[in-house]
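Open the model in your viewer and keep the selection tool ready. The stops below tell you what to select and what is found there.

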Amino acid sequence: MMMFEKKNTKGKTAAVILMTMVVLLIFAFFIARSSLFQSDPIVPVNQPQTVAALTVPLVRAVDETVGSPVAINAQAALLFFDSDKPQDQLAQAVTEFEGVYRPNQGVDYVYDGKVFEAIAMLGGTVSEIREDALLGKSVTVTSGDDVQVTYQSLSQISVQQGQTVSQGEVIGLAGENIYNKDLGIHLHVVVQKDGQLIDPQEVIGMKLAEIK
């Protein structure tokens, strides 16, 4: 009788333990399911919930300030002809060729008879490359709303037709031509806006959008 009662007690204890384990497993299942499908994402400790986007400002041509066409301290040997300029400046703004004096349509730079680089005053597209018997090699860069800068009297060209150039990029090397042979090695720069000639020295320091 005593042995039967002890065996029965053991059976009841095992049943209680089994039921407890089942309940714990069910409880654990619901907790795991709740965590898996919760709407709010789990954020790691010491990590920000959101990361600020890195914003890189785009440099547009209209935002550029017109730079010099030379990187060295070249001198302006011939100035742009403007009838409103003082008489002493007008004398430095005419070109003589075969006995005929003509108004200078740009600015001519020299550097002690040495070769120097012509650099882009503005970013833009190489719209024309030419080689003229009198004027030598030339490159025209178009920027923004039909602003054109022509670099003339080049001995060497460093860009190609249709190429996009950045401000300060080398266009070519200054050289000689027949039309201004007395200047020797020089760079002739012409600036136009909608086909109208503008003094290249006056636009230096201006925004592209300000050129009229």
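Start by selecting Val165, which is found in strand β9 (residues 164–165). Helices (H or I, at least four residues) and strands (E, at least two) are DSSP runs, numbered from the N terminus. This is a predicted model, in which local features need pLDDT of at least 70 and side-chain atom pairs count only at pLDDT 80 or more, while totals for chains, interfaces and linings use all residues. Residues are numbered from 1 along each chain as its sequence is written, and side-chain values use heavy atoms, with hydrogens and water left out.

Stay with Val165. Is Val165 buried or exposed? Val165 counts as buried, because its relative accessibility is 3%. Buried means under 20% relative accessible area, exposed over 50%, and partly exposed in between (1.4 Å probe, protein chains only). Now show what surrounds Val165: not counting residues up to four places away in sequence, it touches Ala120, Leu122, Gly123, Gly124, Val126, Val141 and Val159. Contact means heavy atoms within 4.5 Å. Then pick the C-alpha atoms of Val165 and Ser143: they are separated by 9.8 Å, and the two residues are 22 apart along the chain.

**The whole chain**

Zoom out and colour by secondary structure. There are three helices and 12 strands in the chain. Of the 212 residues, 31% are buried. Among contacts with a separation of 6 or more, 63% are between residues 24 or more positions apart. Turn on the surface: the accessible area of the chain comes to about 14,100 Å², and 57% of it belongs to carbon and sulfur atoms. Accessible areas come from the Shrake-Rupley method with a 1.4 Å probe; for residues, only the protein chains shown count as cover.

**The nonpolar core**

Next, select Met121, Tyr151, Ile171 and Leu187. These are the residues with the most contacts inside the largest nonpolar core, which has 30 residues. A nonpolar core is a set of buried Ala, Val, Leu, Ile, Met, Phe, Trp, Tyr and Cys residues joined through side-chain atoms within 4.5 Å. Add the elements that give two or more residues to this core: β4 (107–110), β7 (136–143), β8 (147–157), β10 (170–174) and β11 (187–193). The largest share, four residues, comes from β8. In soluble globular proteins, nonpolar side chains tend to be buried together.

Keep Leu187 selected and show its contacts. Leaving out residues up to four places away in sequence, Leu187 touches Pro69, Val70, Val107, Asp108, Tyr109, Phe116, Ala118, Tyr151, Gln152, Leu154 and Ala174.

**The largest pocket**

Move to Gln152, in strand β8. Gln152 counts as buried because its relative accessibility is 14%. Apart from neighbours within four places in sequence, Gln152 is in contact with Leu135, Lys137, Ser138, His186, Leu187 and His188.

Gln152 also leads to the largest pocket, which holds about 410 Å³ of space. Of the 22 residues that line this pocket, the closest to its centre are Gln105, Leu135, Gln152, His188 and Val190. On a 1 Å grid over the protein atoms alone, a pocket is an open set of points where a 1.4 Å probe fits, with protein on both sides within 12 Å along at least five of seven lines; lining residues have an atom within 4 Å of a point. Grid points are joined across faces, edges and corners, and a volume is the space filled by probe spheres set on the points. Which strand gives the most to this lining? That is β6, with four residues.

**The second largest pocket**

Select Asn180, in the loop between β10 and β11. Asn180 is buried, because its relative accessible area is 7%. Beyond neighbours within four places in sequence, Asn180 is in contact with Leu78, Thr95, Asp108 and His186. Asn180 is among the residues that line the second largest pocket, as are Leu78 and Thr95. About 180 Å³ of space lies in this pocket. Strand β2 (residues 94–97) supplies the largest share of its lining, four residues.

**Two backbone angles**

Finish with two residues other than glycine that have a positive phi. Ser153, in strand β8, has a phi of about 65°. Asp112, in the loop between β4 and β5 (117–119), has a phi near 55°. Ser153 is buried, at 0% relative accessibility, whereas Asp112 is exposed, with a relative accessible area of 68%.
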